Structure formats: C-alpha cells, structure tokens
Amino acid sequence: MRIPVFKFFTYVLLVPPLLTAQSGPVLELSLKQAIEAALSPEGNARVRLAQQAVQQASSRTAQARAALLPNLDGSVSQQNQTRNLAAFGIRINIPLPGFQFPPLAGPFNVFDVRASATQTVFDFSAIRRLQSARTAASAATQEQDAVRDEAARQVALLYLAALRAQARLDAAQADVDLAQSLAALAANQKAAGTGTGIEVTRAAVQLAQARQQLLIARNDLRQSHLELLRAAGLPLEASLRLTTPMDELPGEPLPLDKAIGAALANRADWKAQQAKQRSAELAYSAVKFERLPSLAGFADYGSIGSSIHNAIPTRTYGLAMRVPVFDGGRRDARRSESLAQLEMERIRTADLRRQIELEIRLALDDLESAAEQVKVAREGLSQVQAELEQAERRYKAGVATSLEVTDAQTRLARARENQIAALFLYNRARLDLLQATGRIRELAN
C-alpha cells in the first residue's frame, strides 16, 4: 500500500500504527488527533475548498487595488501607410493649368517606440471598492474558520458515534457471554433433573438472538469507523482503536448570558456575517461616490520618425478630470442593486443573531435533560443487574424457572442500550454547546 507523504506523517506522528496479522495497520486515534487530521492541509474536503475561497477573495482585493496603482504600457510599431487626404478634409487646389494635387499621401513609413503611464490621483469610489474587497477577504477568512469549526464538529460527532458503536458492541458481547453461561446452566439443570427441555430451548433462542445482535453491532462499528476515517481524511483501509472515552469531552453548562457573550466573541460565522455586512455597506458607498468627479494623471514618452534612424523624442503629459453626467441609468440601477444586497446582509445578520441564541438555549436544555437521562439510565442498569443476579440465584436453587432469568436478561440488554443512548445524547449536547459558543476547536488543543 502506497501512502502519500502527509499520510505517512499522519500515521507516524498522529496515529502510531500497531501491525496485526488480520487487517494491517491499526490506528490508535484520539479525538484530538482525529480533528487535527481533518483540519490539516490535506484533510477534510470542505476545509480545502474554504482555503481556495480565501485565495479567490485575496485575488479580488488585488484587482480592486490595481485601480489605484500606476498603469504602465510600452509599445513599438513600424507602419507603412497610404492616406486619402480628402477623407481628412484636406483639399488643395493650385490654379495651374494641367496640375492637380495628388489625393493620396504616401506610401510612407512611421516608426514609433513609446511608453505611456496613467495614475489615479483621486477616485473615492475606487477607494471604497478597495475597502469593500478587503472586508470581503476578511469575511472569507472568517468563513474558513467557520468551516473548520463545522468540520471539527462533524469529526467529533462521528467519533462519538463510533464510541457509541463500540459500546454497543461491548454490550452485545456481554449479552452473548451471559447467554452462553445461562445456556450452560440450563443444560446442567436439565442433566441434574431439575430443569426441562423448554428451558434449554429458551436459553438457546436467547443465545442465538444475542449472537445476531453481536453481528449487527460489529457491522455498525465498522461503518462508523469508515465514516470517521473519511471525514478525517485518513485511509479507509485502516482499522481504528479509539482512545478518548466519552466522559472526557468538555462542554460544561454556562449561564445563558455568558454563553451568548462567548458565542458573539468567538463564533467565526458571526464574525464573517458582520464582515459581509460591512463589505456590503462599503460597496453601496462606492456606487454612491461614482457621482463624484475623479482625477487621473497621464503621460507618454517616446521617439517617432520615418525609421529608427531618424526618430526624434516626443512626449505628452497632463491631468484629466472625469465628471459623470448621464450614463443611461446604469449607475442608479447599480445603486439600487447594492442597496438591496446591503439590506439582505442586514437581515442575515439579525437572523444569525437570533439563531445563535436559539442554538445556545437548545444546547443548554438538551444538556440538562441528557444529564438527567444518564442518571436515570445508570440507576436502572444497576437495578436490573441486581435483579438478574437474584433471578440466577433463584434459578440455581430451583425455586424459579428460566423464564424469570430470561426476562431479567432481556431487561438488562435494554438497560444497557438505554445507558449507551443517554451517554451519547449527553455528549452530543456538550458538543452542540461547544459549537454554539464557538469553542468546538478547543477539542483539538
């Protein structure tokens, strides 16, 4: 297997491989390492696209700046011309009988080598366009950070889903082990004459169901690993061993006002939207200032003659003031368009502000509810485990049937699933709170 240079260093530095005989390299991957891989230059595709968007915005800034910088051109020409003098209004009549002034001039040669330059002296509209482009470039940079935040959240959620799949696999394996022990117990009870054939059959059915759930859990775990590898930009053929447990994720609840303040100070999408609105304001101002006069300087210097040997120097320089008078309504149409764009950005800014508050409120509510669910699920699991132990003792003592043990076994599997689901919801709520307050990339620190 050929691995690109960056992937090689990812293997060596981020996720050290342990070779196994069955499936090749096993990557011990922490949540921090997964996010770092996704945010790397060759990581998540959305992050790479955002980098290209920043480059585009920088190029637009350079284009807007060019309108305020000198423009220098050079030219060399050699021409052979014939001119119709009458076409230029030149008619010469000489009152001599039989003489007529020729209507054509030429052919003659013209050689010209020349350098010309123009420089904007004052154009407030161009200045505003440059400021708008710079602000748009800043917005693109903030949008790149927002994409990085979203990529970090995506990887964190997939990592959390993989942890849930691993927990379900462990629970399914525990159910199989328990079913095997109960099947062996039922067989022993029947051999001793204290059990029945239906109890052996019932235990065998439970064991078959547990093994089926184990196969499903293994497939779900592999699929979750593949999704995580793709989001992190890692080789899909790798096998994963996750090293960050669920209970090590940050994201403790904050008071609502502090959470909103943190979001407005940290969230990259909020900063990007503010920059977009400011860019739209400057673009609208640039269109308004197009009505003002603009001043530009021009100059050219070169040599002209009938050939390169008899060319003589000539020059031109001066200032030109451009005063807009009437352009058929195009300027007013652009002004109306830029005003509409500005109003759209203002609406988006106000809507994003409300969306941020909504996300924070929902995350805090989900976190509080999920914490209670985790508490209830743990209590329920503890009670069901105690119930199963009592049912096993009663069954071994011959004072209960295997049906009581089977029922307790089924409730234990359900309680384990409830605890796994509650832990997943709790940690997802913590991730949502980190994302809502703009601190999701703290997971990579």
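**Exercise 1. Decide whether N109 is buried, partly exposed or exposed in this predicted model, and place N109 in the fold.**

Solution. Begin with the relative accessible area of N109, which is 37%. Buried means under 20% and exposed means over 50%, with partly exposed in between, so N109 counts as partly exposed. Next, locate the residue: N109 lies in strand β4, which runs over residues 104–122. Finally, relate N109 to I92, a residue 17 positions away in sequence, and the C-alpha atoms of the two turn out to be 23 Å apart in space.

**Exercise 2. Find which residues make the nonpolar surface patch that includes I92, and say where L96 is found.**

Solution. The patch is made by F88, I90, I92, I94, L96 and F101, and its area is about 550 Å². To place one of these residues, look between β3 (71–84) and β4 (104–122), where the loop that joins the two strands holds L96.

**Exercise 3. Work out what kind of aromatic pair F124 and F289 form, and which parts of the chain the pair links.**

Solution. A search of the whole structure finds two aromatic pairs. In the pair of F124 and F289, the ring centres are 4.5 Å apart and the planes stand at 90°. Planes over 60 degrees apart count as edge-to-face, and therefore this pair is edge-to-face. The pair links distant parts of the chain, since F124 belongs to helix α4 (residues 124–191) while F289 is in the loop between α7 (268–288) and β6 (294–305), 165 residues apart. As for exposure, F124 has a relative accessible area of 25% and is partly exposed, and F289, also with 25%, is partly exposed. A last step widens the view, because F122 joins F124 and F289 in one aromatic cluster.

**Exercise 4. Describe how the charged end of R164 is placed with respect to the ring of F424.**

Solution. The charged end of R164 sits over the ring of F424, at 3.9 Å from the ring centre.

**Exercise 5. Examine the salt bridges of D112 with R114, of R153 with D432 and of E404 with R394, and state where the partners lie.**

Solution. Side chains of opposite charge can pair when their charged atoms come close. The structure holds 24 salt bridges, and the three named here can be taken in turn.

1. The side chains of D112 and R114 meet at 3.1 Å, N to O, and both of these residues are buried.
2. R153 and D432 have their closest N and O atoms 2.9 Å apart. This pair links distant parts of the chain, with R153 in helix α4 and D432 in helix α9 (residues 402–436), 279 residues apart. R153 has 22% relative accessibility and so counts as partly exposed.
3. E404 and R394 have their closest N and O atoms 3.0 Å apart. Because E404 lies in helix α9 and R394 in helix α8, the pair ties together parts that are ten residues apart in sequence. Both partners are partly exposed, E404 with a relative accessible area of 30% and R394 at 37% relative accessibility.

Beyond these pairs, a network of salt bridges links R129, E290, R331 and R334.

**Exercise 6. Test whether the end-to-end distances of helices α8 and α9 agree with their expected spans, and say which residue follows each helix.**

Solution. The expected span is 1.5 Å times one less than the number of residues. Helix α8 (residues 330–397) has 68 residues and should span 100 Å, and its end C-alpha atoms are 96 Å apart, which agrees. Helix α9 has 35 residues and should span 51 Å, and its end C-alpha atoms are 51 Å apart, which also agrees. After α8 comes G398, whose phi is positive, near 80°, and α9 is followed by G438, with a positive phi near 75°.

**Exercise 7. Set distance along the chain beside distance in space for A53 with V323 and for T243 with L163.**

Solution. A53 is in helix α3 (residues 45–66) and counts as partly exposed at 34% relative accessibility. A53 and V323 are 270 residues apart in sequence, and their C-alpha atoms are 36 Å apart. T243 lies in the loop between β5 (239–242) and α6 (256–266), and with a relative accessible area of 42% T243 is partly exposed. T243 and L163 are 80 residues apart along the chain, and 9.4 Å separates their C-alpha atoms.

Definitions and conventions
Residues numbered from 1 in each chain as written. Predicted model: local features only at pLDDT ≥ 70, side-chain atom pairs only at ≥ 80, totals over all residues. Heavy atoms only, no water. Patch = residues over 30% accessible without salt bridge, like charges linked within 9 Å, V, L, I, M, F, W, Y side chains within 5 Å. Areas by Shrake-Rupley, 256 points an atom, 1.4 Å probe, with all protein chains shown as cover. Salt bridge = Lys/Arg side-chain N within 4 Å of Asp/Glu carboxyl O. Helix = DSSP H or I, 4+ residues; strand = E, 2+ residues; numbered from the N terminus. Phe/Tyr/Trp six-rings, centres within 6.5 Å; stacked < 30°, edge-to-face > 60°. Buried < 20%, exposed > 50% of the residue type's maximum accessible area, 1.4 Å probe, protein only. Lys NZ or Arg CZ within 6 Å of the ring centre and 35° of its normal.
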